[in-house]
Amino acid sequence: MQRDHGGDLDRARREFGAGDWIDLSTGINRRPWPVPALPPKAFTALPTAEAESALVEVAARWFGCPASHVLPMAGASAAIQLLPRLLPRGRAAVLSPSYNEHGASLAAAGWQVTPAPDLAAMEGADLAVVVNPNNPDGREWPPARLAALAAGVGTLVVDESFADPRPDLSLAPALPANAVVLRSFGKFWGLAGLRLGFALARPELLARLREAQGPWAVGGPALEIGAQAMADAAWADGEIVYHSEASLRLDRLATGAGWQALGGTHLFRLYGTPDAGAAQARLARARIWTRRFPYSRTWLRLGIPGDRGEWDRLAAALQG
């Protein structure tokens with residue numbers, strides 16, 4: 001299974017040259033939370049249980065769930081890699097098209113992976129994987145519908161990596177016993193380099209995940225920054241407002257260039273173009289990198305520009 005991803009600026013530079021690139025190929029917030037100076041012990045000492053507990057308490061309030069349901073991990077990707085190896089192998093239904101690491105990780109762990117076009121097609125699977133809101137098309141499902149799906153499958157995994165601006169979509173506050181919710185920190189807070197994420201599940205499964213990822217999986221700086229950032233409600237509210245408006249602005253620019261708006265989230269938008277390769281190359285010549293998909297010759301995904309300079313460059317490239 002092909003495991004292509006956004007963020008591959010090395011390929012952009014090889015094909016189109018060096019320069020001041022704007023990376024819109026990911027859904028990572030380009031207006032990151034402002035990291036303050038950290039105490040030296042965050043870097044020099046091993047992470048403490050006290051620092052992890054502080055992060056867990058803040059994260060549980062943000063997610064609206066008990067602290068006992070929260071496990072910090074080295075990115076949501078760590079859980080995506082580990083869960084297939086902790087659960088009994090069988091048939092896995094993966095909502096498709098979606099984030100390709102889910103299917104690839106399951107197949108590598110020996111699961112029989114079946115792409116599913118909708119939730120109804122997932123009924124009866126030993127494991128069902130849903131990204132909500134979905135990447136790359138932004139499809140979304142209310143928690144009640146996902147809870148109903150959980151009742152019809154062995155284990156339900158819901159990847160909510162793009163759900164921070166949409167708490168109404170989260171399954172975390174009323175988590176079924178056989179469900180696991182995955183959350184990313186780096187995307188909404190714009191700090192992907194920290195490699196911080198969360199698994200939300202009942203304590204029995206979290207204990208197995210904790211053992212599988214080993215001690216000190218999340219570093220001291222990530223614990224400190226995560227706790228401070230997730231407690232900053234004023235910053236989060238401002239970013240949700242910005243991205244709500246900015247996603248509409250991006251749609252207007254793209255449709256003005258003749259593209260079709262196909263959906264998306266607060267942090268990225270998906271467009272239908274006459275030729276995604278030509279559209280990507282056109283923007284790349286302006287040093288703006290975007291995301292294509294191997295299964296579509298027309299789909300192109302763009303993240304949200306972060307400031308006036310980025311908006312001006314994108315508008316000029318789309319109009320030129």
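A good place to enter this predicted model is Trp216, which sits in the loop between helix H8 (203–213) and helix H9 (220–230). Trp216 is not a glycine, yet its phi is positive, at about 55°. Most residues other than glycine have a negative phi, and most peptide bonds are trans. The second half of that rule also meets exceptions here. The peptide bond that runs from Asn132 to Pro133 is cis, and its omega is near -5°. Another cis peptide bond connects Asn135 with Pro136, this one with an omega of about 25°. Pro133 belongs to the loop between strand S5 (127–131) and helix H6 (143–150), and Pro136 is likewise found in the loop between S5 and H6.

Stepping back to the whole chain, the domain assignment gives two parts: domain 1 is made of 9–32 + 234–319, while domain 2 covers 40–231. Taken over C-alpha atoms, the centres of domain 1 and domain 2 are 26 Å apart. Where the two meet, domain 1 supplies 21 residues to the contact and domain 2 supplies 20 residues. The size of an interface is often given as the accessible area lost when the parts come together. For domain 1 and domain 2, the area buried between them is about 1,600 Å², with 73% of it on carbon and sulfur atoms.

Charged pairs come next. Side chains of opposite charge can pair when their charged atoms come close. Salt bridges number 13 in the structure, but 0 are found across the interface of domain 1 and domain 2. One salt bridge is formed by Glu310 and Arg30, whose closest N and O atoms are 2.6 Å apart. This pair ties together distant parts of the chain, with the two positions 280 residues apart in numbering: Glu310 is in helix H12 (residues 308–319), and Arg30 is in the loop between strand S1 (22–23) and helix H2 (41–44).

Helix packing offers another view of the fold. Helix H4 (residues 76–86) packs with helix H5 (residues 100–108) at an angle of about 35°, and 9 Å separate their axes. The crossing of H4 and H5 is right-handed. On the H4 side, the contact is made by Ile80, Gln81, Pro84 and Arg85; on the H5 side, Glu101, His102, Ser105, Leu106 and Ala108 take part. By character, the residues of the contact of H4 with H5 comprise 4 nonpolar, 3 polar and 2 charged.

A last stop is Glu52, a residue of helix H3 (residues 49–63). Leaving aside residues up to four places away in sequence, Glu52 touches Pro72, Arg210 and Leu223. Glu52 and Leu71 are 19 residues apart in sequence, and the C-alpha to C-alpha distance between Glu52 and Leu71 is 9.1 Å.

Methods:
Residues are numbered from 1 along each chain as its sequence is written. This is a predicted model: local features need pLDDT of at least 70, side-chain atom pairs count only at pLDDT 80 or more; totals for chains, interfaces and linings use all residues. Side-chain values use heavy atoms; hydrogens and water are left out. Axes are lines fitted to C-alpha atoms, for helices over the stretch in contact, and angles run from 0 to 180 degrees between N-to-C directions. Helices (H or I, at least four residues) and strands (E, at least two) are DSSP runs, numbered from the N terminus. A crossing is left-handed if the near helix is turned anticlockwise from the far one by less than a right angle, and right-handed if clockwise. Contact means heavy atoms within 4.5 Å. Ala, Val, Leu, Ile, Met, Phe, Trp, Tyr, Cys and Pro count as nonpolar, Asp, Glu, Lys and Arg as charged, and the others, Gly among them, as polar. Domain bounds come from an automatic or database domain assignment. Buried area is the accessible area (1.4 Å probe) that two parts lose on being put together, summed over both. A salt bridge is a side-chain nitrogen of Lys or Arg within 4 Å of a carboxyl oxygen of Asp or Glu.
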